[in-house]
Amino acid sequence: MAEKSSHIEQFGIQPIPKELRNVSRFDLFSIILNFLVNPGMILIGGEAVVLGDLSPLGAFFAEVLGILGASSIYTIMATVGVGYGIPGQVASRSMFG
């Protein structure tokens, strides 16, 4: 019988044993920040400048504040899941129905 790979998810939605939990808030913040800073978000700021709604500096600060606000909320939600060893969606399902 073939041996299971260590690179494939083994637990699904089951809690991860405490000795295998090694993710920090910085790791979660980095993952979420890389997801939020993308060409689509940059284009939204560029459109605000082209349409005359914001100056380039105003668009930059709007993007930065929006990304920091969203990533901080996402990091809090993800930390709940890491604390219990389950995905954030599963950990927060009782709060959101």
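This is a short group-meeting talk on one predicted protein model.

Hi everyone, thanks for coming. Please keep in mind as we go that what you have on screen is a predicted model.

Let's begin with the overall layout. The protein has 5 helices and 0 strands. Reading from the N terminus, the order of elements is α-α-α-α-α. There are 97 residues in the protein, and 19% of them are buried. The accessible surface comes to about 7600 Å², and carbon and sulfur atoms account for 69% of that. Now for the contacts: if you take those between residues at least 6 apart in sequence, 64% join residues at least 24 apart.

Next, the inside. Which residues make up the largest nonpolar core? It consists of 5 residues: Leu28, Ile32, Leu36, Ile67 and Ala78. Two elements, helix 1 and helix 3, each give two or more residues to this core. Helix 1 covers residues 25-36, and the largest share of the core, 3 residues, comes from helix 1. If you'd like one residue to click on here, try Ala78. Leaving aside neighbours within four places in sequence, Ala78 is in contact with Leu28 and Ile32.

Staying with this part of the model, here are two pairs that are far along the chain from one another. Ile76 sits in helix 3, and its C-alpha is 9.2 Å from that of Leu28, although 48 residues separate Ile76 and Leu28 in sequence. Asp27, for its part, belongs to helix 1. Asp27 and Thr75 are also 48 residues apart in sequence, with 9.4 Å from C-alpha to C-alpha.

How do Ile76 and Asp27 fare for exposure? Ile76 is exposed, because its relative accessible area is 56%, and the cut-off for exposed is over 50%. Asp27 counts as partly exposed, because its relative accessibility is 32%.

Now a residue you may want to look at twice: Glu63, in helix 3. Is Glu63 buried or exposed? Glu63 counts as buried, because its relative accessibility is 17% and buried means under 20%. What does Glu63 touch, not counting residues up to four places away in sequence? The list is Met41, Ile42, Ile44 and Gly45.

Let's move to the outside, still on helix 3, which spans residues 56-84. Leu57, Phe60, Phe61, Val64 and Leu68 make a nonpolar surface patch of about 480 Å². Phe60 is one of the helix 3 residues, and it counts as partly exposed because its relative accessibility is 49%. Phe61 is partly exposed too, with a relative accessible area of 46%.

Those two phenylalanines have one more thing to show us. How many aromatic pairs does a search of the whole structure find? The search finds 1, and that pair is Phe60 with Phe61. In general, a pair of aromatic rings is described by the distance of the centres and the angle of the planes. For Phe60 and Phe61, the centres are 5.5 Å apart and the planes make an angle of 65 degrees, an edge-to-face arrangement.

To recap, helix 1 and helix 3 each give two or more residues to the largest nonpolar core, Glu63 counts as buried, and Phe60 and Phe61 are both part of the nonpolar surface patch. Thanks for listening, and I'm happy to go back to any of these on screen.

Key: Residues numbered from 1 in each chain as written. Predicted model: local features only at pLDDT ≥ 70, side-chain atom pairs only at ≥ 80, totals over all residues. Heavy atoms only, no water. Patch = residues over 30% accessible without salt bridge, like charges linked within 9 Å, V, L, I, M, F, W, Y side chains within 5 Å. Areas by Shrake-Rupley, 256 points an atom, 1.4 Å probe, with all protein chains shown as cover. Salt bridge = Lys/Arg side-chain N within 4 Å of Asp/Glu carboxyl O. Helix = DSSP H or I, 4+ residues; strand = E, 2+ residues; numbered from the N terminus. Buried < 20%, exposed > 50% of the residue type's maximum accessible area, 1.4 Å probe, protein only. Core = buried A, V, L, I, M, F, W, Y, C linked by side-chain atoms within 4.5 Å. Contact = heavy atoms within 4.5 Å. Phe/Tyr/Trp six-rings, centres within 6.5 Å; stacked < 30°, edge-to-face > 60°.
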